[in-house]
Amino acid sequence: MSSQRGNSSRTRSQKHKNRTAFKNDLHDKTLLQKKLNSLHVSEVCQHCKDVIEWKIKYKKYKPLSQPRTCTRCQQRNITKAYHVLCRSCALEARVCAKCLKDAQEVEIVTPQPTSEEQLKLKVEMERLIKSLPERKRRAFMRYMDKGKKLTDLDQSSAEQVTNDVKSNEESCVVKRLPHTRKELLEKIEMLQLSDADEYFDSESETGSA
Ligand SMILES: [Zn+2]
Ligand SMILES: [Zn+2]
């Protein structure tokens with residue numbers, strides 16, 4: 001009995017506690033599970049992202065076996081499970097690809113750029129940094145190629161995994177994302193203003209890289 005009748009608050013802590021957190025890849029070393037764990041859920045609002053990530057975490061996620069029809073353009077080009085809009089429709093309509101809430105109401109997680117978009121961005125940035133000295137240009141390209149760590153609720157599970165498999169390469173566990181155009185432009189601006197080398201080292205996340 002957790003509490004007395006009519007008394008919804010209890011003072012003792014819960015009896016059963018898991019000593020270790022649930023790990024979805026403890027008995028499942030398949031490539032699919034690995035891929036799912038590093039999936040970047042995007043084009044959806046934060047709530048829907050949480051829902052989808054919960055499904056992944058507790059092995060409830062069912063990937064699509066074939067592309068699904070987009071409810072807006074009627075094309076069979078949805079590749080992500082639980083989405084009702086395709087990538088381009090979601091971006092165009094500026095709504096969550098799952099619950100269809102408007103971007104003005106909820107914040108929508110921006111999708112990872114396609115390799116084409118990434119290439120275009122790189123070309124644009126290379127043009128912008130032409131005026132910078134060689135050393136800064138190289139620092140910028142390192143920054144761009146390195147990307148950033150994914151910092152959201154998934155981190156806690158990622159940390160646990162890293163603690164257990166320290167010997168394994170950490171890079172396969174930590175998710176990384178390319179920087180956004182805005183972040184890159186800010187970086188260029190900072191590089192233009194700064195003249196200290198130390199600046200770049202303080203940015204490195206591991207401290208030893
Ligand atoms: Zn569509
Ligand atoms: Zn949503």
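**Helices, cores and loops in a predicted model**

E53 is found in helix 2, and in this predicted model that helix is a handy place to start. With 19 other C-beta atoms within 10 Å, E53 comes out as partly exposed, because the buried class begins at 20. In space E53 sits 7.4 Å from V41, C-alpha to C-alpha, although twelve residues separate the two in sequence.

Helix 2 itself covers residues 46–57, twelve residues in all, and reaches 16 Å from its first C-alpha to its last, close to the 16 Å expected at 1.5 Å a residue. Its buried residues are C48, K49, I52 and I56. Looking down the axis of helix 2, these buried residues fall within an arc of 105°, so they line one face of the helix. The general background is simple enough: an α-helix has 3.6 residues a turn, so residues three or four places apart point the same way. Part of the cover over the buried residues of helix 2 comes from helix 1 (31–37). Just past the end of helix 2, K59 adopts a positive phi of about 60°. Helix 2 is also the element with the highest mean pLDDT, 96.

As for the wider layout, the protein has eight helices and two strands. Reading from the N terminus, the order is α-α-α-α-α-β-α-β-α-α. Of its 209 residues, 16% count as buried. Among contacts between residues at least 6 apart in sequence, 54% join residues at least 24 apart.

The largest nonpolar core has 17 residues, and those with the most contacts inside it are V44, L85, C86, A90 and C96. Two elements, helix 2 and helix 3 (87–93), give two or more residues each to this core. Helix 2 provides the largest share, three residues. Setting aside residues up to four places away in sequence, C96 touches V44, C45, C48, K101, V106 and I108. One of these partners, C48, is among the buried residues of helix 2. Another core, of eight residues, lies apart from the largest one and includes A139, Y143, I188 and L191. In soluble globular proteins, nonpolar side chains tend to be buried together.

Two members of that second core, A139 and Y143, bring helix 5 into the picture. Helix 5 runs over residues 134–146; at 1.5 Å a residue its 13 residues should span 18 Å, and the end C-alpha atoms are indeed 18 Å apart. Buried in helix 5 are K136, A139, F140, Y143 and M144. Seen down the axis, the buried residues of helix 5 fall within an arc of 135°, so they line one face of the helix. E134, R135 and D145, on the other side of helix 5, are exposed. Right after helix 5 comes G147, with a positive phi of about 70°.

Helix 7 (residues 181–193) holds L185. This leucine, L185, has 14 C-beta neighbours inside 10 Å and so counts as partly exposed. L185 and L128 are 57 residues apart along the chain, yet their C-alpha atoms are separated by 8.8 Å.

A couple of loop residues have backbone angles worth a look. Most residues other than glycine have a negative phi. Q74, though not a glycine, has a positive phi near 60°. Q74 belongs to the loop between helix 2 and helix 3, and with 10 other C-beta atoms within 10 Å it is exposed. L100, again not a glycine, has a positive phi near 70°. The loop that carries L100 joins helix 3 and helix 4 (115–128). L100 has 16 C-beta neighbours inside 10 Å, so it counts as partly exposed.

Confidence varies along the chain. The mean pLDDT of the protein is 82, with 78% of residues at 70 or more. Helix 6 (residues 155–164) has the lowest mean pLDDT among the elements, 41. Over residues 152–172 the pLDDT stays under 50, and the model gives this stretch nine contacts beyond four places in sequence. Residues 201–209 also have a pLDDT below 50, and that stretch makes two contacts in the model beyond near neighbours in sequence.

Definitions and conventions. Residues are numbered from 1 along each chain as its sequence is written. Chains are lettered from A and ligands numbered from 1 in the order in which they are written. This is a predicted model: local features need pLDDT of at least 70, side-chain atom pairs count only at pLDDT 80 or more; totals for chains, interfaces and linings use all residues. Helices (H or I, at least four residues) and strands (E, at least two) are DSSP runs, numbered from the N terminus. The expected span of a helix is 1.5 Å times one less than its number of residues. A residue is buried if 20 or more other C-beta atoms lie within 10 Å of its own, exposed if 12 or fewer, and partly exposed in between; C-beta atoms are placed from the backbone. The arc is that of the directions from the helix axis to the C-beta atoms. Two residues are in contact if their C-beta atoms, placed from the backbone, lie within 7 Å. A nonpolar core is a set of buried Ala, Val, Leu, Ile, Met, Phe, Trp, Tyr and Cys residues joined through C-beta atoms within 7 Å. pLDDT is the predictor's confidence in each residue, from 0 to 100.
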